[in-house]
Amino acid sequence: MSSRKPVIAGNWKMNTTPAEGQTLAKAIADGTRESPNVEVIVSPPFTGLSDVSQAVAGSNVQVSAQNVSSEQSGAFTGDVSVSMLEGLASHVIIGHSERRGLSCETDGVVAAKAVAVQAAGMTPILCIGETEDIRKLGNPVESVRSQLRDSLVGVSDWESLIIAYEPVWAIGTGAAASPQQAQAIIGEIRQELEQLAGPEAASKIRILYGGSVNSNNIGPFVDQPDIDGALVGGASLQADEFVRIVEMTARLENKTA
Ligand code: PEP
């Protein structure tokens, strides 16, 4: 683990009513009080943002939205703009593979969202990762590097950015990448960031692994030199399990601090 503060972010996807989200968030806030050396983020659906942000006020837990529009206002039925997230979220997940796949979001759309999120003073959690088809072709590195470049067009604030490398074949499948596989690609992502942002800025950007992370497999991921935490889907919906993931990360961080 490096000197970068680790991040454990939970993506609740389309789960939890506002009341369920409030209960889950409170349990996570209580359970992670003793782990201040880990940045803990939860991402409820839009409908839960208000209750969850109240539930975690004064705790170690920050709140992220799962998506946002790059537009500011107007005739965009069903969308939410960055200004509507004011006071509700400090982070926004953008470019999740489910949005890229189900809603046909291109790298250009994702880049516009990254710019809008930063301009509003929030931090984008930019998701990138290769599909199963690209993986089968043998070498996903170039695909991931070009996805990163194209999803960051127009971004110049390198201090307010988290990257999540999420191989699509590992999301929700129970078949996580190996920590070595993830490190190999995340090392390439950091090299690409060096070219985009310069070596110093790139050395400070947190890069997470995502894809079937749980409390049994988190340790070896955060032990890798370039992996700074995890974006967690399914396992973030159970407070005890999510808290264990944070605790494991905190323990490893304490050992190396
Ligand atoms: C995700 O939703 O980003 C994710 C990584 O899900 P899971 O942990 O369930 O694979």
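**Burial of a charged residue**

Decide whether Arg145, with its relative accessibility of 10%, is to be classed as buried or exposed in this predicted model.

Solution. The cut-off needed for this step is that a residue is buried when its relative accessible area is under 20%. Arg145 stands at 10% relative accessibility, and therefore counts as buried.

**The partner of Arg145**

With which residue does the side chain of Arg145 meet in a salt bridge, and where in the chain do the two residues lie?

Solution. Begin with the contact: the side chains of Arg145 and Glu188 meet in a salt bridge, with 2.6 Å from N to O. Next, place the two residues, for Arg145 belongs to helix H6 (residues 141-151) and Glu188 to helix H7 (residues 179-197), so that the pair, 43 residues apart, links distant parts of the chain. Finally, compare the accessibility classes: Arg145 is buried, whereas Glu188, at 24% relative accessibility, is partly exposed. Side chains of opposite charge can pair when their charged atoms come close.

**From a pair to a network**

Work out which residues are linked with Arg145 and Glu188 in a network of salt bridges, and describe the members.

Solution. Start with a further pair, in which Arg149 forms a salt bridge with Glu192, the closest N and O atoms being 3.1 Å apart. This pair, too, links distant parts of the chain, with Arg149 in helix H6 and Glu192 in helix H7, 43 residues apart. Arg149 is partly exposed, with a relative accessible area of 30%, while Glu192 counts as buried at 3% relative accessibility.

The network as a whole is made up of Glu142, Arg145, Arg149, Glu188 and Glu192. Its remaining member, Glu142, lies in helix H6 and is partly exposed, with a relative accessible area of 45%. Although Glu142 and Glu188 are 46 residues apart in sequence, their C-alpha atoms are 9.1 Å apart in space. For the wider setting, a search of the whole structure finds 17 salt bridges.

**A salt bridge within one helix**

Explain why Glu200 and Lys204 are separated by about one helical turn.

Solution. The two residues are four residues apart in helix H8 (residues 199-204), and therefore about one helical turn separates them. Glu200 and Lys204 form a salt bridge, in which the closest N and O atoms are 3.1 Å apart. Glu200 itself counts as exposed, because its relative accessibility is 55%.

**The two sides of helix H1**

Which residues of H1 are buried, and how are they arranged when seen down its axis?

Solution. Check the length of the helix before its faces: at 1.5 Å a residue, the 14 residues of helix H1 (residues 18-31) should span 20 Å, and the end C-alpha atoms are 20 Å apart, which agrees. The buried residues of H1 are Gly21, Leu24, Ala25, Ile28 and Ala29. Seen down the axis, these buried residues fall within an arc of 135°, so they line one face of the helix. The face turned away from this buried side carries the exposed residues Thr23 and Asp30.

**Enclosed and open space**

Describe the linings of the largest cavity and of the largest pocket.

Solution. Take the enclosed space to begin with: there is one cavity of 30 Å³ or more, and the volume of the largest cavity is about 40 Å³. Its lining includes Gly95, His96, Arg100, Cys127, Gln147 and Glu166, and helix H3 (97-102) and strand S5 (123-128) each supply at least two residues. By class, this lining divides into four nonpolar, five polar and two charged residues.

Turn then to the open space, where the largest pocket holds about 400 Å³. The pocket is lined by 19 residues, of which Lys13, Met14, Gln66, Asn67 and Arg99 lie nearest its centre. H3 gives the most to this lining, with three residues, and the classes come to eight nonpolar, seven polar and four charged.

**Positive phi values**

Find where in the chain Lys13 and Ser212 lie, and state the phi of each.

Solution. Most residues other than glycine have a negative phi. Lys13, in the loop between strand S1 (7-11) and H1, has a positive phi, near 50°. Ser212 lies in the loop between strand S7 (206-210) and helix H9 (218-222), and its phi is also positive, near 60°. Ser212 counts as buried, because its relative accessible area is 18%.

Technical notes:
Residues are numbered from 1 along each chain as its sequence is written. This is a predicted model: local features need pLDDT of at least 70, side-chain atom pairs count only at pLDDT 80 or more; totals for chains, interfaces and linings use all residues. Side-chain values use heavy atoms; hydrogens and water are left out. A salt bridge is a side-chain nitrogen of Lys or Arg within 4 Å of a carboxyl oxygen of Asp or Glu. Buried means under 20% relative accessible area, exposed over 50%, partly exposed in between (1.4 Å probe, protein chains only). The expected span of a helix is 1.5 Å times one less than its number of residues. The arc is that of the directions from the helix axis to the C-beta atoms. On a 1 Å grid over the protein atoms alone, a cavity is a set of points where a 1.4 Å probe fits but cannot get out, and a pocket is an open set with protein on both sides within 12 Å along at least five of seven lines; lining residues have an atom within 4 Å of a point. Grid points are joined across faces, edges and corners, and a volume is the space filled by probe spheres set on the points. Ala, Val, Leu, Ile, Met, Phe, Trp, Tyr, Cys and Pro count as nonpolar, Asp, Glu, Lys and Arg as charged, and the others, Gly among them, as polar.
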